[in-house]
Amino acid sequence: MAHLLGGEALHLEYPTRVVFDGVSVGVNEGDRIGIVGRNGDGKSSLLRLLASRLEPDSGRVTRRRGVTVGVLDQTDSLDDDQSVGNAIVGEVDEHVWASDARVRDVLAGLVADIRWDAKIGELSGGQRRRVALAALLTGDHDVLFLDEPTNHLDIEAVAWLAGHLRGRWAPSAGGLVVVTHDRWFLDEVCTATWEVHDGTVEPFEGGYAAYILQRVERDRIAAATEAKRQNLMRKELAWLRRGAPARSTKPKFRMDAAYELIENEPPPRDTVALSQMAMQRLGKDVVELIDAGVSYGERTVLRSIDWNIAPGERTGILGVNGVGKSTLLALVAGTLAPTSGRVKRGKTVKVAILDQKLAELADIADERVSAVIASRRTTYATGSGAELTPGQMLERLGFSSAQLSTPVRDLSGGQKRRLQLLLILLDEPNVLILDEPTNDLDTDMLAAIEDLLDTWPGTLLVVSHDRYLIERVTDNQYAVMDAGLRHLPRGIDEYLELRKAQAALSAGRGGAEGAAPAGRGGAEGAVSRPPALAGADLRAAEKEISSIDRKLARLADQVAAVHERLAEHDQSDYEGLGRLTNELRELEANIADLETRWLELSELVGA
């Protein structure tokens, strides 16, 4: 494959440290490279060097003649007074850009719900991010450099972006270099991974999963080599004392050792044991929403929500921005009263919220980390039965011993986020709500936090646009859609299918008022609304809807009965609990299938 650009013997040094020392890397046609590493190790600096946004202290960046480069920075430079349309396509005539399939795809995927004539200054952070992405992706660049492209994007937009980047170029044309903490995105898009650490850039083949596998093997080899070296040193010393020459052989290792390591790894969490412990701490009742709704004036945010949250439940909440996820969490937490229906809360429930703000750290900004921790608890019991000291907890969350004496105000954003989580856990809540917990965290710290949450025995509710996190730490997913709460037996894939169907139906009805028309961001090739039924077909559809209503009522009673049996069942009978759980999942899957069919028929009858 032809070379596009690269860096040779790059050296970059700041007054306090060396960022890169003699680094040489290259981007070839067809490369899709993800850059990972700890916060502050130089990921964005490497991107800026290769994009010629930053000059190295020594070494050079070369680019093949004629190669064009596009860059997405972490913060946009859009003009607040500019219109959305002008920011994306500039002064290009509409018939020119509207006839370009790539441009139409980008507009439909990113800005279909943003008014074409809206001013940039009127947009939210997420909308600005999508406009900046659209402005870049509508261009014709040979190499794209993207710095945290998924920031402020919801799961739906991230999935679209991954698909677009995979198919943007022919396999042997163009290149992509992306810095991101979104591990699902890395796995979906990247064919290679560069790890930035200790002033070097280490290449790995494949996306995030392949990188982790190879890194495990690298670390295993390093540990074995160090052990071998230490043993060799002792033998060398003994031989020298006896006056004999020293001899050694280089150890050999096989790559499949890493596969064996993964194969023998137990499941990340013992769900039955954690559920049993949660039942002991919480009792049978946690939080139940009964026909709950929230309205602000004439605007209904949530309507007729029925949700019984069980002890030990681990649930991910999905939905587009502004749909009512935070309102739902406020109902659960008790910080908001419903305007209709009611919320029942167990007597032993103790709720804690890890939100996007760091307000609780403001009062302790001048205190040192060690003093803050010492004022809480001396030990913390995990769901596995082990007891950790606060210092061990800090170590698991990536704090060094030197950072214990650091004032809270001097911590980085990621360190503050980790300290915030630790303080919440040390307070021992039994219901934990995480609202976008991945902000400011690198991939290693995300893995560490997920590992810690795997041993947490309480009820866990997570709102996040990080698909990897949702699928890693939760066992059930729900979506807030059309002011209601919908269970997703097939998880995020089902949610994306439902959102796609919604978009197609909306496009068939002419699109949302004020959204860009087909040539200006409307969904290309949108599915038109199905024709109305009449005569015998209409009567058959109405009859089937009535039948589905009766079946759903019966299934709801069966689900409630299984929940009661689970609560009353002997918690030491793991096999019996497993059978009941499987029965519950089968019932919920049947309900989901019937609800999908009900929606399809309702659209046909109401057309």
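Biologist: What counts as a salt bridge here, and which residues are linked in a network of salt bridges?

Modeller: A salt bridge is a side-chain nitrogen of Lys or Arg within 4 Å of a carboxyl oxygen of Asp or Glu. The model is a predicted one. Salt bridges join several residues into a network, and its members are E195, E202, R215, R218, D219 and D444.

Biologist: How many salt bridges are found in the whole structure?

Modeller: Side chains of opposite charge can pair when their charged atoms come close. A search of the whole structure for such pairs gives a count of 29.

Biologist: How far apart in the chain are R215 and D444, which form a salt bridge?

Modeller: The closest N and O atoms of R215 and D444 are 3.1 Å apart. R215 belongs to helix α8 (residues 208–242), while D444 belongs to helix α15 (residues 443–454). The salt bridge thus links distant parts of the chain, with a separation of 229 residues.

Biologist: Is D444 buried, partly exposed or exposed?

Modeller: Its partner R215 has 16% relative accessibility and counts as buried. Buried means under 20% relative accessible area, and exposed means over 50%. D444 has a relative accessible area of 24%, so D444 is partly exposed.

Biologist: Which residue meets R183 in a salt bridge?

Modeller: R183 lies in helix α7 (residues 183–189), and its partner lies 283 residues away, in the loop between β18 and α16 (467–473). R183 is buried at a relative accessible area of 0%, and the partner is also buried, at 6%. The N to O distance is 3.8 Å, and the partner is D466.

Biologist: What is the distance between the closest N and O atoms of R490 and E497?

Modeller: E497 is partly exposed, at 43% relative accessibility. R490 forms a salt bridge with E497, and their closest N and O atoms are separated by 2.7 Å.

Biologist: Why do the buried residues of α4 line one face of the helix, and within what arc do they fall?

Modeller: The buried residues of helix α4 (residues 101–110) are V103, V106, L107 and L110. An α-helix has 3.6 residues a turn, so residues three or four places apart point the same way. Seen down the axis of α4, the buried residues line one face because they fall within an arc of 95 degrees.

Biologist: Which helices do the buried residues of α4 pack against?

Modeller: At the start of α4, a side-chain oxygen of D100 comes within 2.9 Å of the backbone nitrogen of R102. The buried residues of α4 pack against α2 (84–89), α3 (94–97), α5 (125–137) and α6 (155–166).

Biologist: Which strands stand at the edges of the six-stranded open sheet?

Modeller: The pairing in this sheet is mixed, and the order is β14-β17-β18-β12-β19-β20. The twist averages 20 degrees from one strand to the next. An edge strand has a single partner, so one side of it is left without a neighbour in the sheet; the edge strands are β14 (351–354) and β20 (484–487).

Biologist: Which residue in β18 is the bridge partner of V431?

Modeller: Strands β17 (residues 431–435) and β18 (residues 459–463) run parallel and are joined by five bridges. In β18, V431 has as its bridge partner T459.

Biologist: How far apart in space are S412 and N39, C-alpha to C-alpha?

Modeller: S412 sits in the loop between α13 (390–396) and α14 (413–426). S412 is partly exposed, at 37% relative accessibility. S412 and N39 are 373 residues apart in sequence, and their C-alpha to C-alpha distance is 9.2 Å.

Technical notes: Residues are numbered from 1 along each chain as its sequence is written. This is a predicted model: local features need pLDDT of at least 70, side-chain atom pairs count only at pLDDT 80 or more; totals for chains, interfaces and linings use all residues. Side-chain values use heavy atoms; hydrogens and water are left out. Two strands pair if DSSP finds at least two bridges between them. Helices (H or I, at least four residues) and strands (E, at least two) are DSSP runs, numbered from the N terminus. Axes are lines fitted to C-alpha atoms, for helices over the stretch in contact, and angles run from 0 to 180 degrees between N-to-C directions. Buried means under 20% relative accessible area, exposed over 50%, partly exposed in between (1.4 Å probe, protein chains only). The arc is that of the directions from the helix axis to the C-beta atoms. Contact means heavy atoms within 4.5 Å. A polar contact is a pair of N or O atoms within 3.5 Å; within protein, one must be able to donate a hydrogen and the other to accept it, and residues adjacent in sequence count only if both atoms are side-chain atoms.
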